[in-house]
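Thank you for sending this model for comment. My remarks follow as numbered points, to be read with the sequence and the structure open.

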Amino acid sequence: METLELLIRNTSEVLTVEGSPQEPAERALTPQPHACVGVRRGRIWYVGSESALPPGAVGPSTRVLDAHGQFVGPGFVDPHTHAVFAGERAAEFDLRCQGATYLQIAQAGGGIANTVRATRFASEEDLIRLALPRLQLMLEYGITTAEVKSGYGLTLQDELKMLRVVQRLSTLQPVELIPTLMCAHAVPEEYREWRESYLDLCIQEILPAVAEQGLARFCDVFVEQGAFTHAEARRLLLAARKRGLQVRLHVDQLSASGGAELAAELGAASADHLEHVSEAGIQALAAAGVSAVLVPTATLFLRVRPYAPGRKLRDAGVNVALGTNLNPGSAMSENLPLALGLACLENGLTAAEAYWAATRGAALALGLSSEGRISVGDPANLVIFSCSNYRHLPYHLGINHARIVIKGGHVV
Ligand code: NIG
């Protein structure tokens with residue numbers, strides 16, 4: 001028989017996370033006490049007791065990793081990042097700490113526009129050089145798959161540049177990247193008086209070029225005062241759907257606008273942020289089967305309140321996912337374990353729900369059928385942690401417990 005290339009043994013438990021979002025999260029994590037995990041040809045081949053491994057499965061070429069009595073889970077999936085950008089906004093962070101708001105900074109010409117200027121100026125090589133260490137850090141936290149948005153180019157050429165960078169990054173490092181077109185992240189400065197024309201540019205030029213070149217799986221719109229209206233988002237996202245892209249939205253982040261209801265109406269894959277989602281919005285998401293992507297690091301970082309009502313979303317039966325929202329303005333952090341801690345402390349999730357949200361919940365929000373879980377036949381994306389169970393992740397706040405990260409069967 002063909003021997004295993006990798007065997008992980010001596011675990012406290014293996015969380016296979018094979019349940020559904022509607023069942024109690026502790027059960028959905030599907031713990032396998034003291035199980036071992038066998039990998040063949042980059043895929044999960046065996047999960048179960050070591051004594052029941054078929055004879056001959058382990059051979060001289062099998063790499064054996066000892067979990068030292070700690071737990072093993074699937075690689076984290078980060079369903080919301082803006083990981084490709086140039087420049088930084090540390091001065092804006094400082095201003096916010098002194099009382100300025102995100103909106104005030106944006107109205108004064110900073111915010112997203114600040115990063116757009118730097119990103120337009122950067123070459124593809126610059127953007128790759130800047131993004132690689134961020135992705136490396138994410139990998140070290142145990143993230144093996146991440147969504148990445150464009151949205152700091154806001155011209156045909158610069159949006160294509162950003163998405164080409166995402167495509168090239170996919171081949172240069174191990175984190176699997178899911179690209180999202182977000183030309184409707186902000187109305188660019190030069191179109192401030194001609195926003196209708198910018199929407200036309202998005203629909204008639206940027207979207208078709210991105211779709212033809214196969215550069216994005218999703219299209220996302222920032223629906224907010226000072227960003228895009230419901231009508232504008234509807235126009236762009238319906239066009240995106242016709243071009244074969246799935247849709248997601250930034251909604252109800254800084255103010256309540258009925259954005260979750262819009263996401264439900266459009267049958268979005270996810271509604272992200274949701275700090276100000278209404279009761280009706282929560283029910284609409286549940287009824288339409290739209291995932292909620294929470295990014296509590298941004299709520300903390302922007303010093304705004306409330307946090308998104310994770311508890312209510314879960315109780316209504318919504319699949320809740322959790323992301324870093326890594327970006328230079330509202331969440332300069334690759335630290336997904338910190339987001340897990342905040343999800344428990346501020347969004348009202350249990351540790352099991354937070355862990356679900358950063359693994360299988362996030363994979364479902366991205367429409368990824370074989371990520372965020374450990375299931376025979378799936379790619380072997382795994383994390384061996386330095387603690388005995390998942391509760392230590394939110395508890396030991398913001399600390400990295402990922403000891404060994406495995407992507408496609410390779411220790412990375
Ligand atoms: O998801 N809300 C809009 N977009 C980002 C922030 C981007 C930025 O400030 O550069 C977010 O929080």
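1. Where is the place of Thr-324? In this model, which is predicted, Thr-324 has its place in the loop between β15 and α13. The relative accessible area of Thr-324 is 0%, and because buried means under 20%, Thr-324 is counted as buried.

2. The side chain of Thr-324 takes part in two kinds of contact that deserve a look on screen. With the side chain of Asp-78 it makes a polar contact at 2.5 Å, and the side chain of Thr-324 also reaches the backbone nitrogen of Leu-326, at 3.1 Å.

3. Asn-325 is found in the loop between β15 (320-322) and α13 (336-345), and its backbone should be checked with some care, since the phi of Asn-325 is near 60°, a positive value in a residue other than glycine. Is Asn-325 buried or exposed? With a relative accessibility of 1%, Asn-325 counts as buried.

4. A second asparagine can be read alongside this one. Asn-10 has a positive phi of about 60° although it is not a glycine, and it lies in the loop between β1 (6-9) and β2 (13-15). Asn-10 counts as partly exposed, because its relative accessibility is 36%, whereas Asn-325, at 1%, counts as buried.

5. Which residues does the cis peptide bond join? The bond is between Arg-305 and Pro-306, with omega at about 0°. Pro-306 has its place in the loop between α11 (296-302) and α12 (310-315), and that is the stretch to inspect when the peptide geometry is reviewed.

6. Turning to the ligand, I note that 15 residues surround it, and that the closest are Arg-89, Tyr-102, Tyr-152, His-185 and Ser-330. By residue class, the shell around the ligand divides into four nonpolar, 10 polar and one charged. The space that the ligand takes is the largest cavity.

7. Several side chains present polar atoms to the ligand's oxygen atoms. For Tyr-102, a polar side-chain atom lies 2.5 Å from an oxygen atom of the ligand, and for Tyr-152, an N or O atom in the side chain is 2.6 Å from a ligand oxygen atom. In the case of His-80, the separation between a polar side-chain atom and an oxygen atom of the ligand is 3.4 Å. On its own the ligand has 330 Å² of accessible area, and the protein covers 100% of it.

8. How far apart in space are Ala-227 and Arg-63, C-alpha to C-alpha? The two are 51 Å apart, with their positions 164 residues apart in sequence. Ala-227 itself lies in the loop between β11 (218-222) and α8 (230-242), and it is buried, because its relative accessible area is 5%.

9. A last pair of positions concerns Gln-213, which is found in the loop between α7 (195-212) and β11. Gln-213 and Ile-44 are 169 residues apart in sequence and, C-alpha to C-alpha, 32 Å apart in space. Gln-213 counts as partly exposed, because its relative accessibility is 43%, while Ala-227, at 5%, is buried.

Note on methods. Residues numbered from 1 in each chain as written. Predicted model: local features only at pLDDT ≥ 70, side-chain atom pairs only at ≥ 80, totals over all residues. Heavy atoms only, no water. Near = heavy atom within 4 Å. Polar contact = N/O pair within 3.5 Å; in protein donor to acceptor, adjacent residues only side chain to side chain. Areas by Shrake-Rupley, 256 points an atom, 1.4 Å probe, with all protein chains shown as cover. 1 Å grid on protein atoms, 1.4 Å probe; cavity = no way out; pocket = protein on both sides within 12 Å on 5 of 7 lines; lining within 4 Å. Sits in = over half its atoms within 2 Å of the grid points. Nonpolar A, V, L, I, M, F, W, Y, C, P; charged D, E, K, R; others polar. Helix = DSSP H or I, 4+ residues; strand = E, 2+ residues; numbered from the N terminus. Buried < 20%, exposed > 50% of the residue type's maximum accessible area, 1.4 Å probe, protein only.
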